[in-house]
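The following exercises introduce a structure to a reader who has not met it before. Each task is followed by a solution in steps.

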Amino acid sequence: MKRVCTRQFRNLTRLRSFGEVREKISRSINHVCLSRRSFHGSACRLGELELTSVRYPHVQRGKYATLTEKDVDFFQKLLPQRVLQDPSELDGYNIDWMRTVRGNSQMVLRPKTTSEVAEILKYCNERHLAVVPQGGNTGLVGGSVPVFDEIVISTQLMNQIISLDEVSGIVVCQSGCILETLDNYLAERELMMPLDLGAKGSCHIGGNVSTNAGGLRLLRYGSLHGSVLGVEAVLASGEIVDCLSSLRKDNTGYDLKQLFIGSEGTLGMVTSVSILCPRRPKAVNVAFLGVENFEAALQTFQLCKGMLAEILSACEFMDQESMQCIQENLKLTNPIKSYPLYILIETSGSHGSHDEEKLNAFLEAAMGKGIVQDGTIAMDVTQRQNIWGLRERIAEGLLHDGYNYKYDISLPLPKLYEIVEDMRQRLGSKVTRVVSYGHLGDGNLHFNVTTPEYNKEVLGLIEPYIYEWTSQVRGSVSAEHGLGFKKRDCIRYSKEPNAVKMMVKMKKLFDPNGILNPYKTIPL
Ligand SMILES: O=C(O)CC[C@@H](O)C(=O)O
Ligand SMILES: [Zn+2]
């Protein structure tokens, strides 16, 4: 049952069978639903976490029309039984997953087809009614919730898989398909989604594409700018832009679909996508390792890139503070001893025993060189999921602390941990935790600070310091979460003024009345 590890890997501990199985249901603790599932329909209350007006008092409502009875009649006729207005149903659409942005939308529309989306947008554009497209509402920058009273256009009912070409591995589907549902559908056909993330159980593919979500396997499968072959989107005017190609090659001028990938619903609402899916690997292995410092983490990554080469499918890291957070707040168990840093390595290949041999050889070498101190390899699917749960559930664990200051930074690898150590010094005992983890394989640091409640002084110690530092080392202030509402004013730290000007011009061209996801992405 247990694969034998070599002498050099002497500290290897067997993975205990975890008491905790990764929870997949929404939980409501202290009035806050914490798993990265959406909380539509669950009884969440905000209480003291109602922070939009506290943190963003400078943001003023734009000059949009307000909803009239005539408007409501129009939408009810267009979408019978698919217009939500009951206040008890609206909370889940008005509040973001982080529970730091709360809008006050009075209406949620649930279209099923592209032409219904086109009708909605045409009407809203003529009436100057602002809208916010929303998928699973799992975003981390307040991009998918209204800021004021924007009408929510939910993709919940746009969940049809349109076609699958099993030979080329191209799936075409509506934007409201849940990522995990798509992946399960593909699994039956020996294919997989090229994207995986903690929120997979509730995020919608349209939201993934609109935010250019990165996730856990970007190292292996690249970004959605490469995997998405086609996009169908509806512009503010109601015009449908059909770029839903399923071609690998198409050089007929501007690649317009790219404009909808990562523009967070500000240029058009994505209604369908076409995605190139890789073959599902036959053998997957996951190892969880302990290292003494960030230099050793980098050496581990370098070594595994060399020794595991094309079978390496993920290389993630988390620090001891992340581990403490999930131990204390989620009661998860560390399968090895305590180390300053932990590395999760995943291989995905076509030959089980060959892959295992390679992984064991890598572990022997890493331990032999003294780079890795300790580790464990998952022996079955449950153990694999449990190891992944340690990494994927940190975001959830952090919310239990109270208020979470969240930063998603792309950095040159050698610089990745500098800011964490610096910030620990800077913040000292003023905060509950300083936590860092992320995608070592693609240079993406998730830096998080928590305090029992929102604390302006702490925020002032973090910002703009962290952004200025990121800018100086030519990093990006948003690696994969987007800018949404919360980060839009930080764009200038990563994009030069002329680039921002061009974005503003594009926005005006695509959406002259500014009705599409206002207050997001583009700075004021
Ligand atoms: O919570 C975060 O900071 C990151 C969330 C997500 O991108 C992850 O990689 O787990
Ligand atoms: Zn991430």
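A residue counts as near a molecule or strand if its C-beta atom, placed from the backbone, lies within 6 Å of it. Residues are numbered from 1 along each chain as its sequence is written, while chains are lettered from A and ligands numbered from 1 in the order in which they are written. This is a predicted model, in which local features need pLDDT of at least 70 and side-chain atom pairs count only at pLDDT 80 or more, whereas totals for chains, interfaces and linings use all residues.

**Exercise 1.** Determine which residues are around ligand 1, and classify them.

Step 1. The shell consists of Leu-140, Gly-198, Glu-392, Ala-395, Lys-406, Asp-408, His-446 and Asn-448.

Step 2. Ala, Val, Leu, Ile, Met, Phe, Trp, Tyr, Cys and Pro count as nonpolar, Asp, Glu, Lys and Arg as charged, and the others, Gly among them, as polar. On this basis the shell has two nonpolar, three polar and three charged residues.

Step 3. Strands (E, at least two residues) and helices (H or I, at least four) are DSSP runs, numbered from the N terminus. At least two residues of the shell come from each of strand E16 (403-410) and strand E18 (444-451).

**Exercise 2.** Establish whether strand E14 is buried or exposed, and identify its partners.

Step 1. A residue is buried if 20 or more other C-beta atoms lie within 10 Å of its own, exposed if 12 or fewer, and partly exposed in between, with C-beta atoms placed from the backbone. Nine of the nine residues of E14 (residues 341-349) are buried, so the strand is largely enclosed by the rest of the structure.

Step 2. Leu-341, Ile-343, Ile-345, Thr-347 and Gly-349 point one way from E14, and Tyr-342, Leu-344, Glu-346 and Ser-348 point the other way.

Step 3. Two strands pair if DSSP finds at least two bridges between them. Strand E12 (residues 283-291) is joined to E14 by nine bridges and runs antiparallel to it; Val-284 stands opposite Ser-348. Strand E13 (residues 312-319) pairs with E14 over seven bridges, also antiparallel, and Cys-315 has Ile-345 as its bridge partner.

**Exercise 3.** Describe the confidence of the model.

Step 1. The predictor's confidence in each residue, from 0 to 100, is called pLDDT. Its mean for the protein is 91, and 90% of the residues reach 70 or more.

Step 2. Among the elements, helix H4 (residues 114-127) has the highest mean pLDDT (99) and strand E1 (residues 28-29) the lowest (26).

Step 3. Where pLDDT is low, the predicted coordinates should not be read in detail.
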